[in-house]
Amino acid sequence: EELERNAARVDRGQWPAPVLDFYLGKLDVDRLREDAGRGPADDIARRLCEADFYVGELLNHSGKDVEGRRILQAVMDRCRPIDVVFAAAQAELSGKPDPN
């Protein structure tokens with residue numbers, strides 16, 4: 001309920017509103033990535049990295065560790081080290097042992 005209340009205050013036409021909608025169950029992964037791929041060309045790669053990070057994070061904390069870790073590793077492989085989500089993915093991967 002708290003997330004929903006706070007998300008209602010975010011401009012729905014601006015990034016990262018689709019991430020909030022994903023966390024609230026209003027968007028699926030494909031639609032989240034589609035929304036991340038819109039907007040200024042300079043922002044698309046960063047937004048896709050952010051979208052993938054939040055998908056991986058949700059899976060990782062929802063008992064779907066293998067898939068979540070795979071996506072978080074892809075964030076590290078594809079995103080720039082200066083992106084905030086790069087360091088966040090790195091921290092997530094180092095904080096939990098690999099379930100395999």
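Contact here means heavy atoms within 4.5 Å. With that in hand, the helix packing can be followed pair by pair. The structure is a predicted model, and the pairs are taken in the order of the chain, starting with α3 and α4.

In α3, the residues Val-29, Leu-32, Arg-33 and Ala-36 meet a set from α4 made up of Ile-44, Arg-47, Leu-48, Ala-51, Asp-52 and Val-55. Sorted by class, this contact has seven nonpolar residues, three charged ones and no polar ones. Two packed helices are described by the angle between their axes and the distance between the axes. For helix α3, which covers residues 29-36, the angle to α4 is about 155° and the axes are 8 Å apart. That makes α3 roughly antiparallel to α4, since angles over 145 degrees get that label. The crossing of this pair is right-handed.

Next comes α4 with α5. Here the axes come within 7 Å and cross at roughly 155°, so α4 and α5 are roughly antiparallel as well. The handedness, though, is left-handed where α4 passes α5. On the α4 side, the contact is made by Leu-48, Cys-49, Asp-52, Phe-53, Val-55, Gly-56, Glu-57, Leu-59 and Asn-60. The α5 side brings in Asp-65, Glu-67, Gly-68, Arg-69, Ile-71, Leu-72, Val-75 and Arg-78. By class, these residues split into eight nonpolar, six charged and three polar. Some names turn up twice: Leu-48, Asp-52 and Val-55 of α4 meet α3 and also take part in the contact with α5.

What about α5 and α6? Their axes come within 9 Å and cross at roughly 140°, which makes α5 oblique to α6. The reason for the label is simple: 140° is not over the 145 degrees that roughly antiparallel calls for. As α5 passes α6, the crossing is left-handed. Arg-69, Leu-72, Gln-73, Val-75 and Met-76 are the α5 residues involved, and they meet Val-85, Phe-86, Ala-89, Gln-90, Glu-92 and Leu-93 of α6. In this contact seven residues are nonpolar, two are polar and two are charged.

One residue is worth following on its own. Glu-57 sits in helix α4. Is this residue buried or exposed? Its relative accessibility is 17%, so Glu-57 counts as buried, the cut-off being under 20%. Leaving aside residues up to four places away in sequence, Glu-57 touches Tyr-23, Leu-72 and Glu-92. Of these, Leu-72 is on the α5 side of the contact with α4, while Glu-92 is among the α6 residues that meet α5. Glu-57 and Ala-88 are 31 residues apart in sequence, with 9.4 Å between their C-alpha atoms.

Now for the covalent link. A disulfide is a covalent bond between the sulfur atoms of two cysteines. How many disulfides does a search of the whole structure find? There is one, and it joins Cys-49 to Cys-79, with 1.9 Å from S to S. Cys-49 lies in helix α4 (residues 41-60), whereas Cys-79 lies in the loop between α5 (65-78) and α6 (84-95), so the pair ties together parts that are 30 residues apart in sequence. The link is left-handed, with -110° about the S-S bond. Both cysteines, Cys-49 and Cys-79, are buried. Cys-49 also appears on the α4 side of the contact with α5.

Toward the start of the chain, the loop between α1 (2-7) and α2 (17-23) offers two more details. Ala-8 has its place in this loop, and with a relative accessibility of 61% Ala-8 counts as exposed, because the cut-off for that label is over 50%. From Ala-8 to Ile-82 the C-alpha to C-alpha distance is 30 Å, and the two residues are 74 apart in sequence. Pro-16 is placed in the loop between α1 and α2 too. A cis peptide bond joins Trp-15 and Pro-16, with omega at about 15°.

Note on methods. Residues numbered from 1 in each chain as written. Predicted model: local features only at pLDDT ≥ 70, side-chain atom pairs only at ≥ 80, totals over all residues. Heavy atoms only, no water. Disulfide = S-S within 2.5 Å. Helix = DSSP H or I, 4+ residues; strand = E, 2+ residues; numbered from the N terminus. Buried < 20%, exposed > 50% of the residue type's maximum accessible area, 1.4 Å probe, protein only. Axes fitted to C-alpha atoms, helices over the stretch in contact; angles between N-to-C directions. Parallel < 35°, antiparallel > 145°, perpendicular 65-115°, else oblique. Left-handed = near helix turned anticlockwise from the far one by under 90°. Nonpolar A, V, L, I, M, F, W, Y, C, P; charged D, E, K, R; others polar.
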